[in-house]
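Please examine the structure shown below. The paragraphs that follow lead from its surface to its interior.

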Amino acid sequence: MKKIVFIGLLSIIGSSTVLAQGCSDAGVCSIGNSFDKESTSKNLIETGSIYGVGEADVTYLSSYVTYSRAFSEKWALSAKFTYSIADGSFGQRGQFGDAYLISNYKLAEKNEKQWSILTGFKFPFTTSNAKINGYSLPLDYQASLGTFDLILATNYKYSQWDFNLGLQIPVFNNNKNSYFAEYSGTNDFPSTNLFERKSDALFRTTYTYQTLNKKFTFKPNVLFLYHLGEDSYENIFSQREIIEGSDGLTINGNLITSYSLNAKSSLELSLATPFVVRDIRPDGLTRAFTAGLIYKVSF
């Protein structure tokens, strides 16, 4: 088999392949496509850890593991599991976050041009209501948003360029967060009691450059993420309240540097930071920067 589709899933970061769980990424940013025309392997295991700094100097160490299986030259399935530790003035809390099941189907390549279609689902491991010493925590400390999401995306590859369009839609909300800013003693985070999140749309462009000896690969990319509506929460009077300014555009810059250890494995360093952010980010996903180290092995 000369053409195998592998799905690269990160905490994403990385971007086109992985986007280190950051910069307003609810999941769709960390889903990507990887085409290896030379590999005859059918399986890929990917694991990574991403360090990030968020609002009010909260720091994160987010880890994940992904298993991908190519069933044919055109179709592959991938499963990803995440775990995140948040540390800040409220304390430290670690939890399993989400599971992803992703299907990728690629169309025939012609004149260095190729389309692929991605569909998937995100399943939360938590209801987004982790506490420390009995005190409710904002979403910045939660490992998941507590929503079951549908993910739809397409990738257009031309020569060394990749262009991605994606959509992440919350289908079922199981968020039971109970954080009220009024009772917290700080204004660092907005109230997110029984938080409801809107959908996200994504556009990303990536350029891939590989050295002559094929040891190093560089992937600079820019990602545009638009939050398609204003989120809401239930206030202290049990009334649903819109969080004004929580919709809008986020623009991220990302650089992935990959080093090939051998024909079957590689190491990646991913660095990302936002250039533009939304006025208010109640979901707790914004990062000032992220740095991720990823290991991939195929067999």
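In this predicted model, a nonpolar patch of about 770 Å² lies on the surface, made by Leu-165, Phe-203, Val-222, Phe-224, Tyr-226, Leu-228, Leu-249, Phe-275 and Val-276. Two elements each give two or more residues to the patch, namely strand S14 (216-227) and strand S18 (265-276). Strand S14 makes the greatest contribution, with three residues.

Tyr-226, one of the residues that make the patch, is found in strand S14. Tyr-226 counts as partly exposed because its relative accessibility is 40%, and the partly exposed class runs between the limits of 20% and 50%.

The protein as a whole provides the setting for this patch. The fold has 19 strands and zero helices. Of the 299 residues, 52% are buried. The accessible surface comes to about 13100 Å², and carbon and sulfur atoms account for 59% of that area. Among contacts between residues at least 6 apart in sequence, 63% join residues at least 24 apart.

The interior offers a charged residue to consider. Asp-140 lies in a loop, between strand S9 (135-136) and strand S10 (147-158). Which side chain of opposite charge is nearest to Asp-140? That side chain is Arg-287, at 5.8 Å. A salt bridge requires a separation within 4 Å, so this pair does not form one; Asp-140 is thus buried yet has no salt bridge. Leaving aside residues up to four places away in sequence, Asp-140 touches Glu-55, Val-58, Tyr-60, Ala-86, Phe-189 and Gly-284.

Methods: Residues numbered from 1 in each chain as written. Predicted model: local features only at pLDDT ≥ 70, side-chain atom pairs only at ≥ 80, totals over all residues. Heavy atoms only, no water. Helix = DSSP H or I, 4+ residues; strand = E, 2+ residues; numbered from the N terminus. Buried < 20%, exposed > 50% of the residue type's maximum accessible area, 1.4 Å probe, protein only. Lys, Arg positive; Asp, Glu negative; His and termini not counted. Contact = heavy atoms within 4.5 Å. Patch = residues over 30% accessible without salt bridge, like charges linked within 9 Å, V, L, I, M, F, W, Y side chains within 5 Å. Areas by Shrake-Rupley, 256 points an atom, 1.4 Å probe, with all protein chains shown as cover.
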